[in-house]
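Colleague: Got a minute to walk me through this one?

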Amino acid sequence: MSDTTAEPDALLRHHGDVEVESGFVDFAVNVRGDGPPAWLRDRLATVLSSLGSYPSAAAEYAAREQVAALHGRSPDEVLLLSGGAEGFSMLPRLEPQLAATIHPSFTEPDWVLEQAGVPVHRVILPVPFVLDPTLVPDAADMVIIGNPTNPTSVLHPRETVLSLRRPGRTVVVDEAFADAVLGAGESVASQRLEDVVVLRSLTKTWALAGLRCGYALGHPDVLARMQHGRAHWPLGTLQIEAIRACTEPFAAQQARAEAERIDCERTEMIRRLGDLGLSVAGPARAPYLLIRLDDADLVRERLRTMGIAVRRGDTFPGLDRHYLRVAVRDSQQVDILVDALNTVL
């Protein structure tokens with residue numbers, strides 16, 4: 001059942017991985033597959049013999065060059081990260097006086113900023129979770145938004161996201177799932193703007209959550225401030241190679257193919273959940289779905305007894321115990337979830 005006695009900080013740091021036990025059918029974590037594809041494993045294996053040496057500056061620059069080429073930017077506009085979430089840990093170095101976070105959304109930025117003593121104003125979007133820039137206080141000199149948003153699966157229009165810009169304000173766009181969106185999407189990753197920082201993750205589509213790979217895109221001066229005081233050799237050789245490999249043209253082509261699969265699986269999954277009478281937030285564009293149902297916390301616990309993990313929704317600001325998030329999965333796994341829900345409901 002939902003832990004209503006947990007400290008607020010603990011709820012902010014609750015993530016889907018804690019829902020999953022060994023042998024569970026996993027709908028709680030938004031990672032595709034159990035591990036990287038064979039071509040990526042082979043690529044990483046080629047650098048194993050070099051692990052006796054420190055990561056080289058040449059390899060780090062080559063990875064930044066590749067990321068830059070993917071987004072039509074220059075290497076000095078790229079900062080390699082140990083997972084996209086590391087970018088959030090760097091935001092306090094930009095010294096915001098008031099940060100506005102758009103919710104329901106990923107809660108790690110709130111926790112990091114509050115731990116650093118930065119005042120945080122949570123902007124709660126009402127159903128259907130459409131972005132309304134007028135809800136953001138004018139005094140906010142930093143705004144953080146996910147696009148597509150976790151857990152709502154809403155994809156905000158690029159123009160609306162960019163309308164958050166104001167003189168003296170930094171807009172941080174979390175695009176952790178952007179590569180799983182079919183088509184060009186509404187990404188601002190290729191927008192060369194001094195006041196916009198984009199955070200990207202490579203751990204979702206490529207099943208690299210255990211390796212921690214991502215990057216930030218932004219003005220060189222802003223990126224320099226973000227990494228001020230950062231430890232030397234912040235990323236290992238395997239991480240650097242993975243970032244380079246996952247942003248090369250072949251990988252981009254594979255990501256597009258995966259986005260097409262996700263789109264088909266999501267459409268079918270929405271239909272099947274709808275047939276059960278469940279309400280799915282939409283239009284959904286990400287590799288996960290937000291479901292509203294009565295007593296979702298009880299349903300989640302009953303699914304656990306059947307070996308199925310789903311993500312509780314009440315730890316996201318703006319949601320309550322009547323929400324669950326489920327990852328988009330293939331038809332065989334959805335069969336298991338639907339059969340279980342038929343029993344539980």
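**Around H8**

Modeller: Sure, let's start with H8, where Thr237, Gln239, Ile240, Glu241, Ala242, Ile243, Ala245 and Cys246 are buried. Buried means under 20% relative accessible area, exposed is over 50%, and partly exposed lies in between, using a 1.4 Å probe and protein chains only. Helices (H or I, at least four residues) and strands (E, at least two) are DSSP runs, numbered from the N terminus.

Colleague: Before we go on, what am I looking at here?

Modeller: It's a predicted model, so to speak of local features I need pLDDT of at least 70, and side-chain atom pairs count only at pLDDT 80 or more, while totals for chains, interfaces and linings use all residues. Residues are numbered from 1 along each chain as its sequence is written, and side-chain values use heavy atoms, leaving out hydrogens and water.

Colleague: OK. How many of the residues of H8 are buried?

Modeller: 8 of its 10, which leaves H8 mostly covered.

Colleague: And what covers the buried residues of H8?

Modeller: The cover includes helix H2 (38-45), helix H3 (57-71), strand S2 (78-81), S8 and helix H9 (249-275). Contact here is heavy atoms within 4.5 Å.

Colleague: Which helix gives the largest share of the largest nonpolar core?

Modeller: H8 (residues 237-246) again, with 5 residues. A nonpolar core is a set of buried Ala, Val, Leu, Ile, Met, Phe, Trp, Tyr and Cys residues joined through side-chain atoms within 4.5 Å. This one has 40 residues, and the members touching the most others are Leu80, Ile102, Val136, Trp206, Tyr215 and Ile243.

Colleague: What does Val136 touch?

Modeller: Ala100, Ile102, Val123, Val143, Leu164 and Arg169, if you skip residues up to four places away in sequence. There's also a second, separate core of 23 residues, including Val310, Leu324, Val338 and Ala340.

Colleague: Now S3. Is it enclosed or open?

Modeller: Strand S3 (residues 99-103) has 5 of 5 residues buried, so it is largely enclosed by the rest of the structure. Side chains in a regular strand alternate between the two faces of the sheet. Here Ala99, Thr101 and His103 sit on one side, Ala100 and Ile102 on the other, and both faces are covered.

Colleague: Which strands does S3 pair with?

Modeller: S3 runs parallel to strand S4 (residues 120-124) over 5 bridges, and parallel to S5 over 3 bridges. Pairing needs at least two DSSP bridges between the strands. Thr101 has Arg122 as its bridge partner in S4 and stands opposite Ile144 in S5.

Colleague: What do S3, H5 and S4 make together?

Modeller: A right-handed β-α-β unit, with helix H5 (residues 108-115) between the strands. Right-handed means that, with the strands pointing away from the viewer, the path from the first strand over the helix to the second runs clockwise.

Colleague: Switching sheets: what is the strand order in the antiparallel one?

Modeller: S9-S10-S13-S12, an open sheet of 4 strands. S9 and strand S12 (311-312) are at the edges with a single partner strand each, so one side of each has no neighbour in the sheet. S10 and strand S13 (residues 323-327) pair over 5 bridges, with Leu290 opposite Arg325.

Colleague: Which helices pack on that sheet?

Modeller: H9 touches S9, S10 and S13, and its direction makes about 15 degrees with that of S10. Helix H10 (residues 296-305) touches S12 and S13, at about 40 degrees to S13. Axes are lines fitted to C-alpha atoms, for helices over the stretch in contact, and angles run from 0 to 180 degrees between N-to-C directions.

Colleague: Where are the cis peptide bonds?

Modeller: One joins Asn147 and Pro148, with omega about -5 degrees, and Pro148 is in the loop between strand S5 (142-146) and helix H6 (158-162). Another runs from Gly282 to Pro283, with omega near 5 degrees; Pro283 is in the loop between strand S9 (279-280) and strand S10 (288-292).

Colleague: And Ala207, what is its phi?

Modeller: Positive, about 55 degrees, although Ala207 is not a glycine. Ala207 is buried at 11% relative accessible area, in the loop between strand S7 (196-201) and strand S8 (214-217).

Colleague: What does Thr205 contact?

Modeller: Beyond its neighbours within four places in sequence, Arg32, Asp179, Ala180 and Glu258. The side chains of Thr205 and Asp179 make a polar contact at 3.2 Å. That term means a pair of N or O atoms within 3.5 Å; within protein, one must be able to donate a hydrogen and the other to accept it, and residues adjacent in sequence count only if both atoms are side-chain atoms.
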